[in-house]
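Open the model in a viewer and keep the sequence panel in sight. The stops below each give a selection to make and say what is there.

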Amino acid sequence: PVTQALLPYRVPLMIEKPLGANLQQARALVAAVEAAGVPVMVSLNRRFDPGLRLALHWIGERGPIRQVHGVMRRCRRLEPTFLWDTGIHLLDALHFVAGPLSLISQHAPAGPGACWCTAHLAGERGLAATVEIAPACGREEEHLSLTGDGWSVDAWTGSPHPWRVRAFHDGRCVLDAAAGDEADYLRCGSYAETASFIDALLQGHARFSPTPAEALPASELTALLQEGEHASVPPGTATLPSSPARP
C-alpha cells in the first residue's frame, strides 16, 4: 500500500521483498508500477551476493548450466509465512542464475512449524533444479550448487554466513575463495545492491533491476510452495493457484 501511494509522486523507489502480503497483492503491485512507469527496484540482495557473482563469473562461457540445487536452512524459524517472507530469497536466486523455472512436484516433510519443503523444478533447454527448505533444522545455511559439462560450482551465499565458492573442472578444484574480514553488509550483497540503485539514479537512463515484474516469477513459485500442494504438474505450463496465496 505504501509503494502504491508513492507512485503518483514519480519518485524512484527501492522496496523490500515480498511484493505484498500475498500473490494477489504482488500482482497488483506489478501492474501498478508498470502503469505508472516509475523506476522501482526490489531488494533481493542474493542477486548481488559476492560469492554468487563470483561463481557466475567463473562459469562464464564454460557452457550451459545443466542442474541447479538450492538449499536454505535456518534455526527455529517457525513463522507460517517463512517461505513467502524469507524463502523468496533462495527462489529468486535460482531464477537469477537459471532463468524461468516451472514447478514439477513438491513435498512438505513433517517438521517443527511449517514451510518445510522439497521441490523439483524444470527450466529451459532441459535444465533440472531442486530446492530444499528447512526453516527449523538447527543450522544456518544458504547454498547453491551449479553443474554443467565437466564442471561443478558450489556457492555459499553471504547470508546468513560468510560466502564461499568452490569450483571444480575435470576432477580438480580450480577455485576456492571465501569472504575475508568484511562487514556483513558487504559480504551479503546489500552494499552492492544499494550501489546499483544509486548508480541507476545518477545515470538516469540506466535500468533498475530487479524490477517488480522481474521479481514476480519467484513470488509466483513461492506462493505455490506456500500453498503446499502435492500434485505434480507438467513443466513449462502455468502452475499458479487461481486464488491468492494464504498469508
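**Stop 1: a glutamate and its partners**

Select E141 and W156: their side chains make a polar contact of 3.0 Å, a polar contact being a pair of N or O atoms within 3.5 Å, where within protein one must be able to donate a hydrogen and the other to accept it, and residues adjacent in sequence count only if both atoms are side-chain atoms. This is a predicted model, in which local features need pLDDT of at least 70 and side-chain atom pairs count only at pLDDT 80 or more, while totals for chains, interfaces and linings use all residues. Residues are numbered from 1 along each chain as its sequence is written, and side-chain values use heavy atoms, with hydrogens and water left out.

Add R139 to the selection; its side chain is joined to that of E141 by a polar contact of 3.4 Å. E141 belongs to strand β7, residues 141-148; helices (H or I, at least four residues) and strands (E, at least two) are DSSP runs, numbered from the N terminus. With a relative accessible area of 5%, E141 is buried (buried means under 20% relative accessible area, exposed over 50%, partly exposed in between, with a 1.4 Å probe and protein chains only). Beyond four places in sequence, E141 touches V71, M72, R73, R74, W156, P160 and H161, contact meaning heavy atoms within 4.5 Å.

**Stop 2: two cis prolines**

Go to P160, one of the residues that E141 touches. The peptide bond between S159 and P160 is cis, with omega about 10°, and P160 sits in the loop between β8 (151-156) and β9 (164-169). Next select S209 and P210, where the peptide bond is also cis and omega is near 5°. P210 is in the loop between α6 (190-203) and α7. Most residues other than glycine have a negative phi, and most peptide bonds are trans.

**Stop 3: positive phi, and the cysteines**

Select R10, in the loop between α1 (2-6) and β1 (13-16); its phi is positive, near 60°. Then move to C115, which is not a glycine either but has a positive phi of about 75°. C115 is in the loop between β4 (102-107) and β5 (117-122) and is buried, at 11% relative accessible area.

How many disulfides does the structure hold? Zero, where a disulfide is a pair of cysteine sulfur atoms within 2.5 Å. For C115, the nearest cysteine sulfur is that of C117, 8.8 Å away. Select C75 as well: its closest cysteine sulfur, in C137, is 6.5 Å away, too far for a bond.

**Stop 4: a buried valine**

Select V131 in strand β6, residues 128-134. Its relative accessibility is 0%, so V131 counts as buried. Outside four places in sequence, V131 is in contact with G70, L90, L91, L94, C117, T118, A119 and L121. For a distance check, the C-alpha atoms of V131 and A179 are 25 Å apart, with the two positions 48 residues apart along the chain.

**Stop 5: a helix pair**

Show helix α2 (residues 23-36) and helix α7 (residues 212-227), which pack at about 170° with their axes 10 Å apart; axes are lines fitted to C-alpha atoms, for helices over the stretch in contact, and angles run from 0 to 180 degrees between N-to-C directions. α2 is therefore roughly antiparallel to α7 (under 35 degrees counts as roughly parallel, over 145 as roughly antiparallel, 65 to 115 as roughly perpendicular and the rest as oblique). To display the contact, select L23, A26, R27, V30, V33 and E34 of α2 with P212, A213, L216, S219, E220 and A223 of α7.
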